[in-house]
Amino acid sequence: MNSTAGYSQTGNQDTYDALAQKAYEYYNAKAYRQSAELNTRAYQLPGEKGTGNHRYDAAYNAACAWALAGEADSAFVLLQEITVRGKYNDYKSITSDADFASLHKDSRWATICNAVKKNQADKENNTHAGVAAELDTLYLKDQQYRFSLMSLQQQMQAATGDAKDKIKQQFTALAMQMKEQDSINLRVVEGILNRYGWLGADEVGENGSQALFLVIQHADLATQQRYLPMIKQAAENGKTKAANLALLEDRIALREKRKQVYGSQVWTDPATGKKYVDMLANPENVDQRRQQVGLPPMSVYLGQFFQMQWDAHEYATKILPELEKIKGQYK
């Protein structure tokens, strides 16, 4: 028996309260038939507490008591009411409720359980639809800021004099706005992850699931470290791309003063403006590692996004030692 059965009880209708309280006393005294009769009466009451979700509390409890009293037919009538009309959706509770043990061998029990499971799935799908819409908005905000900054950066490189200074001011202001928006996005994503865990594309759409990753990827190191195990599990379960995990691992490695593995991170020397593939372990075999996680070859990646060329031998013998002089040794 469940005094709330997954529903809240509000209002002040003494008759309802009196019936429910007396039924509960009978239940505790193992006078199950009397408890069932009173809960059934409470369920059938008209008025504020006899309608809506409140009445299904009494129906659930009446079904429990009827089952314990050995009246399976009466129990199933009320279970049908709470699942079909009341949309009861707590599958774990109803299947583990010992009060219904006597009903488990009845063929009708499987029908009830399947209906509850469907109600639960429908509720989760509706919830995920709302979450998906929220994540789609986050995805757009995350990407719009970064595309705008990339555009300003390109304009700044081509500009001179006062025009360049003006673009630089715009770039700085927009970067600050992006940082603030990233903090807002992170609070939203943390709430979603703490409640639902990692959501895949089948649950919130491709952009929605990718938004979860992007917000973590753009967060501080402590946040990235905290969610790394969850993202690893998501990658193993097919809920996020292996490439996403690779990108996050690269970013964490560099922040921890370790060399990246997949070559995804590019660093610009603030003193000279020169771009480098940031500290990379075993550069000769990086394309094999990238292929394993679904990333394009370094030459394609660098050419498309950074207008850079890639030569693994040159990087290992010339560029990496140059980087080590500038940035120091990485593990």
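In this predicted model, Phe 306 has a relative accessible area of 23%, which makes this residue partly exposed. Its ring partner, Tyr 301, has a relative accessibility of 13% and therefore counts as buried, the limit being under 20%. The ring centres of Tyr 301 and Phe 306 lie 5.7 Å apart, and the planes stand at 75° to each other, so this is an edge-to-face pair. Just along the chain comes Gln 307, found in the loop that runs between helix H12 (298-306) and helix H13 (312-327). Gln 307 is not a glycine, yet its phi is positive, at about 50°. With 58% relative accessibility, Gln 307 counts as exposed.

A positive phi also turns up towards the start of the chain. Lys 30, likewise a residue other than glycine, has a phi near 65°. This lysine sits in the loop between helix H1 (14-28) and H2. Because its relative accessible area is 62%, Lys 30 is exposed.

Helix H2 itself offers a contrasting environment. Ser 35, which lies in H2, has a relative accessibility of 0% and so counts as buried. Leaving aside residues up to four places away in sequence, Ser 35 touches Ala 23, Tyr 26, Tyr 27 and Ala 65. For a sense of scale, the C-alpha atoms of Ser 35 and Thr 172 are 70 Å apart in space, while the two residues are 137 apart in sequence.

Aromatic rings give another way into the fold. The model contains nine aromatic pairs. One of them joins Tyr 43 and Tyr 56, whose ring centres are 6.2 Å apart and whose planes meet at 45°, so the pair is tilted. Since Tyr 43 belongs to helix H2 (residues 32-44) and Tyr 56 to helix H3 (residues 52-68), the pair ties together parts that are 13 residues apart in sequence. Both Tyr 43 and Tyr 56 are buried. Elsewhere, ring pairs connect Tyr 60, Tyr 88, Phe 100 and Trp 109 into a cluster.

Turning to helix packing, helix H10 (residues 242-255) can be followed through its contacts with H9 and H8. The axes of helix H9 (residues 221-236) and H10 come within 10 Å and cross at roughly 150°. An angle over 145° counts as roughly antiparallel, and H9 and H10 are therefore roughly antiparallel to each other. The crossing of H9 past H10 is left-handed. On the H9 side, the contact is made by Leu 221, Gln 224, Gln 225, Leu 228, Ile 231, Lys 232 and Ala 235. H10 contributes Leu 245, Leu 248, Glu 249, Arg 251, Ile 252 and Arg 255. By class, seven of the residues in this contact between H9 and H10 are nonpolar, two are polar and four are charged.

Helix H8 (residues 201-217) also approaches H10, with axes that come within 10 Å and cross at roughly 5°. That angle makes H8 roughly parallel to H10. Here Gln 210, Phe 213 and Gln 217 of H8 meet Asn 244, Leu 247, Leu 248 and Arg 251 of H10. The contact of H8 with H10 is made up of three nonpolar, three polar and one charged residues. Leu 248 and Arg 251 of H10 thus appear in the contact with H9 and also in the contact with H8.

Key. Residues numbered from 1 in each chain as written. Predicted model: local features only at pLDDT ≥ 70, side-chain atom pairs only at ≥ 80, totals over all residues. Heavy atoms only, no water. Axes fitted to C-alpha atoms, helices over the stretch in contact; angles between N-to-C directions. Helix = DSSP H or I, 4+ residues; strand = E, 2+ residues; numbered from the N terminus. Parallel < 35°, antiparallel > 145°, perpendicular 65-115°, else oblique. Left-handed = near helix turned anticlockwise from the far one by under 90°. Contact = heavy atoms within 4.5 Å. Nonpolar A, V, L, I, M, F, W, Y, C, P; charged D, E, K, R; others polar. Phe/Tyr/Trp six-rings, centres within 6.5 Å; stacked < 30°, edge-to-face > 60°. Buried < 20%, exposed > 50% of the residue type's maximum accessible area, 1.4 Å probe, protein only.
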